[in-house]
Amino acid sequence: IYSTFGGFDNNAKSFESISNLIMSQVKSYSPAGLFYSGFWASLFFMPISQELFFYYGISKGSPIFLSLLMVNAGFLLAQFVNYGLGKKLNRFFLYFMSKKKLYKTRRFINKRGGVGVFLFNLLPLPAPYLTFALGITKYNIYRLFFFMILGNIIKYAVMIGFFVLTH
């Protein structure tokens, strides 16, 4: 097989070396590792607290500002994926929900959703699930990311303040 396709073995070694590099960065809590952690931890199908990665990373000596940028860049990229998947899978969920209920939910979220998005991102709640669900209802993406970023800014400011005061 190798001689026929000319390089499966090399591709496998390349993939393995890249995955080893990523895992070593994640384990060392480097800013790049915090980006990967923030991304994977923020996908709706495997939500893990990216706040723990961030706090542990800065306690291990990672630069605070760079760590903050990287973990949030991974988080925001994952939220775009969550929203996009929700929006793409909208028709699939219409088979399980009535259109009337979906549009009633959408109207309610459009009226009062900003506060919910803000609180889900301020508190350690599963925001990736919310982003996926809001993608299904086609919530306004600009409002979603405005309240999401606002909640994250306040949350991480409190975390950094706590870290600075305790160390």
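## Helix α9 and its surroundings

The expected span of a helix is 1.5 Å times one less than its number of residues. Helix α9, running over residues 141-166, has 26 residues and should therefore span 38 Å, and the 37 Å between its end C-alpha atoms agrees with that. Please keep in mind as you read that this is a predicted model.

The N-terminal end of α9 is capped by Asn-140, with a side-chain oxygen 2.9 Å from the backbone nitrogen of Tyr-142. Further along, the buried residues of α9 include Leu-144, Phe-145, Phe-147, Met-148 and Gly-151, and Asn-152, Lys-155, Tyr-156, Met-159, Ile-160 and Phe-163 are also among them. The cover over these buried residues includes α4 (50-59), α5, α7 (99-122) and α8 (127-136).

## A buried salt bridge

Side chains of opposite charge can pair when their charged atoms come close. The structure holds 1 salt bridge. Its partners are Glu-51 and Lys-155, whose closest N and O atoms are 2.4 Å apart. This pair links distant parts of the chain, as Glu-51 sits in helix α4 and Lys-155 in helix α9, 104 residues apart. Both Glu-51 and Lys-155 are buried.

## Two buried residues and their contacts

Let us turn to Val-117, which is found in helix α7. Its relative accessibility is 2%, so Val-117 counts as buried, the limit being under 20%. Leaving aside residues up to four places away in sequence, Val-117 touches Leu-130, Leu-134, Leu-144, Phe-147 and Met-148. Of these contacts, Leu-144, Phe-147 and Met-148 are listed among the buried residues of α9. The C-alpha atoms of Val-117 and Ala-127 are separated by 7.6 Å, and these two residues are 10 residues apart along the chain.

Gln-79 has its place in helix α5. With 0% relative accessibility, Gln-79 counts as buried. Again not counting residues up to four places away in sequence, Gln-79 touches Ser-42, Ala-127, Pro-128, Thr-131, Phe-145 and Met-148. Met-148 thus appears in the contacts of Val-117 and in those of Gln-79.

## Positive phi angles in loops

Most residues other than glycine have a negative phi. Tyr-29 has a positive phi of about 55° although it is not a glycine. This residue is found in the loop between α2 (8-28) and α3 (31-41). Tyr-29 counts as buried because its relative accessibility is 19%, with the limit for that label set at under 20%.

Lys-138 also has a positive phi, of about 60°, and is not a glycine. Lys-138 lies in the loop between α8 and α9. Its relative accessibility is 37%, so Lys-138 counts as partly exposed.

## A nonpolar patch on the surface

Finally, a look at the outside. A nonpolar surface patch is formed by Trp-40, Phe-45, Met-46, Ile-48, Val-81, Leu-85, Leu-89, Phe-92, Tyr-95, Phe-96 and Met-97. Together these residues have about 1100 Å² of accessible area.

One member of the patch is Leu-89, placed in the loop between α5 (64-88) and α6 (90-94). At 34% relative accessibility, Leu-89 counts as partly exposed. Patches are made of residues with over 30% relative accessible area, so the 34% of Leu-89 meets that cut-off.

How values were computed
Residues numbered from 1 in each chain as written. Predicted model: local features only at pLDDT ≥ 70, side-chain atom pairs only at ≥ 80, totals over all residues. Heavy atoms only, no water. Patch = residues over 30% accessible without salt bridge, like charges linked within 9 Å, V, L, I, M, F, W, Y side chains within 5 Å. Areas by Shrake-Rupley, 256 points an atom, 1.4 Å probe, with all protein chains shown as cover. Salt bridge = Lys/Arg side-chain N within 4 Å of Asp/Glu carboxyl O. Helix = DSSP H or I, 4+ residues; strand = E, 2+ residues; numbered from the N terminus. Buried < 20%, exposed > 50% of the residue type's maximum accessible area, 1.4 Å probe, protein only. Contact = heavy atoms within 4.5 Å. Polar contact = N/O pair within 3.5 Å; in protein donor to acceptor, adjacent residues only side chain to side chain.
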